[in-house]
Number of protein chains: 2
Amino acid sequence: MGLTVVGTVAFDAIETPYGKTDKIIGGAGTYVALSASYFNKDINLISVVGEDFPQDYLDLLKKHNIDINGIQIKEGEKTFFWKGKYHKDMNVRDTLATELNSLENFDPVVPSEYQNTDYLMLGNLTPLVQRQVIERMKKRPKLIVMDTMNFWMDIMLDELKETISMVDVISINDEEAQQLSGKNTLVKAAKVIHAMGPKYIIIKKGEHGALLFGEGKVFSAPALPLEYAFDPTGAGDTFAGGFIGYLAKTNDISFENMKNAVIAGSVMASFNVEKFGTERIVELTEKEINERIAKFVELTTFNMRKI
Amino acid sequence: MGLTVVGTVAFDAIETPYGKTDKIIGGAGTYVALSASYFNKDINLISVVGEDFPQDYLDLLKKHNIDINGIQIKEGEKTFFWKGKYHKDMNVRDTLATELNSLENFDPVVPSEYQNTDYLMLGNLTPLVQRQVIERMKKRPKLIVMDTMNFWMDIMLDELKETISMVDVISINDEEAQQLSGKNTLVKAAKVIHAMGPKYIIIKKGEHGALLFGEGKVFSAPALPLEYAFDPTGAGDTFAGGFIGYLAKTNDISFENMKNAVIAGSVMASFNVEKFGTERIVELTEKEINERIAKFVELTTFNMRKI
């Protein structure tokens with residue numbers, strides 16, 4: 001089924017304890033779309049870049065069957081740029097530079113051929129832009145998934161809550177879930193966020209995996225235990241891409257199938273951290289992905305059913 | 001199969017954000033043996049108490065098919081006492097009092113009828129006492145599991161390492177694994193600890209579940225997501241009791257069956273935190289345990305096998 005993604009397409013400069021990069025392709029929209037492309041062959045990407053954005057990077061997206069007609073190229077402007085440095089404890093990072101550039105006055109255009117897609121992924125972005133994309137669809141998608149972050153909770157909570165009220169699934173990390181809900185346990189946080197609108201809540205816990213709440217049920221997906229994460233940039237977006245890509249491919253939004261989608265997201269995120277930026281998720285093969293799925297099966301399967 | 005447990009039998013006084021208790025029965029040996037008693041009907045407990053230890057508490061252990069001939073009752077001495085207070089973030093607790101009392105010069109006696117048991121659980125205790133129990137067995141048990149804590153790493157690391165070198169499975173929490181190994185990721189920590197002797201490493205992550213490493217494989221068990229933990233005291237010991245109790249019952253120490261045992265431990269720990277001290281784990285029914293196992297199945301099962 002068709003999948004439309006909105007999210008940033010950007011330049012990132014990253015430093016981790018294992019190395020550093022100059023400006024490379026980044027942005028939530030990039031990670032989501034690339035990750036989803038391994039599941040779904042009908043992906044539309046809505047974003048904005050400046051005229052400095054290399055054609056090679058656009059070609060890379062196209063090569064992954066991503067339709068880029070929804071990416072506006074702003075003449076005379078520069079592309080959104082983020083520079084960050086991870087600490088030795090890679091759960092902590094410093095933002096060294098954020099240049100909004102072309103993102104500053106982003107007015108998302110939803111091409112008419114995108115307006116009837118059944119699956120809509122709102123990558124982390126201004127809540128207003130996320131909402132505008134929903135409003136500019138011709139029909140309400142079958143499933144709307146949103147990702148967001150603490151930054152929007154800090155500076156425009158009411159705006160954010162309005163967008164949250166319009167989606168089916170929200171994907172956030174554990175600290176953000178606690179901040180958004182004001183609750184200190186994830187079960188309580190999920191209940192409060194559920195009352196804000198979304199039927200399903202995904203809480204990402206980094207190296208501890210992810211929880212899916214919905215329909216009074218809960219599913220726990222592990223993260224793949226790793227010797228080290230080379231670069232966690234984009235892991236959450238890559239997760240979201242695998243999640244919605246799998247749902248769009250299978251066109252089944254039952255809780256049971258969302259469990260599979262959470263594993264698909266976890267599988268993709270486990271690859272993402274193996275190299276810098278998008279390096280790993282642009283080169284994957286179906287065989288590699290299936291082998292990784294088998295690892296998640298091994299990691300979680302037990303056969304005891306009673307004492 | 002026979003299971004011998006060594007560990008403290010003690011008085012605890014506990015304060016959590018949800019309430020407080022006077023002196024109640026506690027101690028690693030108590031939690032391990034009670035938890036294991038739901039799986040195995042042939043349990044021996046080696047410990048020491050003072051003459052102030054109530055007969056009612058000893059009867060409670062006996063009622064759970066726990067042989068208490070191995071519990072020394074020291075005349076003129078008092079029972080080990082621990083008093084602690086949990087913070088609002090219940091991962092943090094303050095120890096308000098520790099009175100070693102009868103534990104101070106504990107010289108463990110292993111009754112002859114215990115000396116041939118196939119399964120031996122060394123609950124958290126002085127590493128020397130743990131080792132003495134191994135040495136006082138007539139034959140080397142089929143499986144020796146040990147639990148320990150950071151306290152022993154701080155004050156007698158060499159002694160601890162000697163005991164670690166003699167066991168098959170070690171169960172510790174994530175911070176302790178990092179302290180013991182000097183490594184910052186759990187995969188690296190498990191490798192270092194494996195090189196110290198144990199073939200299998202269990203790393204407990206509290207609300208994030210537990211990891212089992214061994215034979216080059218890894219298994220991830222979730223914790224049951226809870227609205228709140230009423231009292232986490234003894235959760236790690238209860239986990240260990242479910243783990244070894246299940247292995248002794250099934251008498252199968254393959255990695256595949258250890259996965260089941262880790263779930264058995266997680267199931268028991270999920271009950272333990274629901275009430276103060278041992279209150280919950282003394283009253284469980286087989287039906288309740290089987291229903292909780294079903295929850296863990298629901299929590300972890302997905303059916304995707306390829307993209």
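A:I172 faces A:I203, its opposite residue in β13(A), and this pairing is the starting point for the exercises below. The model is predicted, with local features requiring pLDDT of at least 70 and side-chain atom pairs counting only at pLDDT 80 or more, whereas totals for chains, interfaces and linings use all residues. Residues are numbered from 1 along each chain as its sequence is written, while chains are lettered from A and ligands numbered from 1 in the order in which they are written.

**Exercise 1. Determine which strands pair with β12(A) and in what sense.**

Step 1. Strands (E, at least two residues) and helices (H or I, at least four residues) are DSSP runs numbered from the N terminus, and two strands pair if DSSP finds at least two bridges between them.

Step 2. Strand β13 (residues 200–204) of chain A is joined to β12(A) by 5 bridges in the parallel sense, and A:I172 opposite A:I203 belongs to this pairing.

Step 3. Strand β11 (residues 143–147) of chain A also runs parallel to β12(A), with 3 bridges between them; A:M146 has A:I170 as its bridge partner in β12(A).

**Exercise 2. Decide whether strand β12 (residues 169–173) of chain A is enclosed or open, and say why.**

Step 1. A residue is buried if 20 or more other C-beta atoms lie within 10 Å of its own, exposed if 12 or fewer, and partly exposed in between, with C-beta atoms placed from the backbone.

Step 2. A:V169, A:S171 and A:N173 point to one side of β12(A), A:I170 and A:I172 point to the other, and all of them are buried.

Step 3. Because 5 of the 5 residues are buried, β12 of chain A is largely enclosed by the rest of the structure.

**Exercise 3. Trace the chain from strand β10 (residues 119–122) of chain A to β11(A), and give the hand of the crossover.**

Step 1. On one side of β10(A) are A:Y119 and A:M121, on the other A:L120 and A:L122; these residues are all buried, and both faces of the strand are covered.

Step 2. Strand β1 (residues 3–6) of chain A pairs with β10(A) over 4 bridges in the parallel sense, and A:V6 is the residue opposite A:L122.

Step 3. β10(A) is likewise joined to β11(A) by 4 bridges, the two running parallel, and the partner of A:Y119 in β11(A) is A:L143.

Step 4. Between β10(A) and β11(A) the chain passes through helix α3 (residues 127–135) of chain A, making a right-handed β-α-β crossover; that is, with the strands pointing away from the viewer, the path from the first strand over the helix to the second runs clockwise.

**Exercise 4. Identify which residues touch the most other members of the largest nonpolar core.**

Step 1. A nonpolar core is a set of buried Ala, Val, Leu, Ile, Met, Phe, Trp, Tyr and Cys residues joined through C-beta atoms within 7 Å.

Step 2. The largest such core has 180 residues, and A:V145 and B:V145 are the ones that touch the most other members.

Step 3. Contact requires two C-beta atoms, placed from the backbone, to lie within 7 Å; apart from neighbours within four places in sequence, the contacts of A:V145 include A:M121, A:L122, A:V169, A:S171 and A:F243.

**Exercise 5. Describe how chains A and B are related and through which surface they meet.**

Step 1. Chain B is superposed on chain A by a rotation of 180° with 0.0 Å of shift along its axis (RMSD 0.0 Å), which is the relation of a two-fold axis; the superposition is by least squares on the C-alpha atoms of residues with pLDDT of at least 70 in both copies.

Step 2. Since 100% of the interface residues of chain B are also interface residues in chain A, the copies meet through the same surface.

Step 3. Chain A and chain B contribute 36 residues each to the contact, and on the side of chain B that touches chain A the greatest share, 8 residues, comes from α10(B).

Step 4. That side of chain B consists of 20 nonpolar, 7 polar and 9 charged residues, where Ala, Val, Leu, Ile, Met, Phe, Trp, Tyr, Cys and Pro count as nonpolar, Asp, Glu, Lys and Arg as charged, and the others, Gly among them, as polar.

**Exercise 6. Place A:F219 in its surroundings.**

Step 1. A:F219 belongs to strand β15 (residues 217–221) of chain A and is buried, with 24 other C-beta atoms within 10 Å.

Step 2. Not counting residues up to four places away in sequence, A:F219 touches A:L212, A:K259, A:V262 and, from the other chain, B:L299.
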